[in-house]
Amino acid sequence: MIYRLEQTVRLPQREHEIKNIVGETILNAGVPSVFEAYLNLTNAIIKISTDDAAKSTITSNNQKIGEIHTRVEVTKKILFLPVGIEYNYIVLNGSEYKMYESGLGANQHYFSIYNGNNVVAVIHKDDRVVNYLNKYTLYAEKDDYMFVALICTMFLESTAFCDRTGGIGNSVVDSPYYTAQKELRNKYDPSFIPKIKALEGVE
């Protein structure tokens with residue numbers, strides 16, 4: 001599965017559209033305020049609310065269905081002190097996931113979502129931001145994993161990449177992102193996106 005998630009309206013509504021592979025708008029979403037996001041599904045309104053920097057709550061029609069936590073995965077010790085990589089731990093409808101951020105240079109900003117030891121979805125954030133509007137492409141193996149990817153993308157939109165400025169007029173920013181930690185860079189599986197594209201019959 002391949003979806004495109006694009007912010008279409010700036011402050012104060014911060015509205016977003018989710019499109020399928022042929023460009024049809026299938027869902028809408030938004031960020032009504034910093035640390036608050038929603039997804040409008042056919043039969044439910046999903047909300048992602050971040051209480052603090054380390055925890056977010058996910059609800060469906062006001063019933064809690066999951067959480068997102070910021071954690072550190074210890075990879076080594078330096079002078080007996082644990083050192084690791086930061087990631088997001090997601091619990092959703094009883095299943096557990098981890099999301100890792102990897103920046104590999106120009107237009108290679110990825111968020112890899114793992115279920116156990118397997119990559120099940122990848123979010124690609126466009127480096128190029130025109131008029132303060134973010135754009136993402138989401139790749140997933142099946143519906144359940146795309147749902148996780150959509151929630152994670154709106155979580156990112158309401159936190160790390162939230163449109164908070166009062167900037168007006170035209171703006172074009174192209175900011176490549178590079179991750180220094182090798183362990184984080186290696187979390188991105190370069191074979192995953194080509195595999196999903198092949199399944200969808202696109203180049």
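Student: In this predicted model, which residues of the largest nonpolar core touch the most other members?

Tutor: The model is a prediction, and its largest nonpolar core holds 39 residues. Membership requires a buried nonpolar residue joined to others through side-chain atoms within 4.5 Å. Within this core, the residues that touch the most other members are L92, M99, I113, I123, L138, L150 and I151.

Student: Which helix gives the most residues to this core?

Tutor: In soluble globular proteins, nonpolar side chains tend to be buried together. Here the greatest contribution to the core is 11 residues. They come from the helix spanning residues 143-158, namely α1.

Student: Which residues does L150 touch, not counting those up to four places away in sequence?

Tutor: L150 is among the core members with the most contacts to other members. Leaving out residues up to four places away in sequence, its contacts are Y3, L5, I18, L27, L39 and L138.

Student: In which sense do β2 and β3 pair, and what is the bridge partner of E17 in β3?

Tutor: Strand β2 covers residues 15-19 and strand β3 covers residues 25-33. Five bridges join them in the antiparallel sense. They form a hairpin with five residues between them, where G23 in the turn has a positive phi of about 90°. The bridge partner of E17 is N28.

Student: Which residue of β4 does N28 stand opposite?

Tutor: β3 also pairs with β4, residues 36-40, over four antiparallel bridges. This hairpin has two residues between its strands, and F35 in the turn has a positive phi of about 75°. In β4, the residue opposite N28 is N40.

Note on methods. Residues are numbered from 1 along each chain as its sequence is written. This is a predicted model: local features need pLDDT of at least 70, side-chain atom pairs count only at pLDDT 80 or more; totals for chains, interfaces and linings use all residues. Side-chain values use heavy atoms; hydrogens and water are left out. Two strands pair if DSSP finds at least two bridges between them. Buried means under 20% relative accessible area, exposed over 50%, partly exposed in between (1.4 Å probe, protein chains only). Contact means heavy atoms within 4.5 Å.
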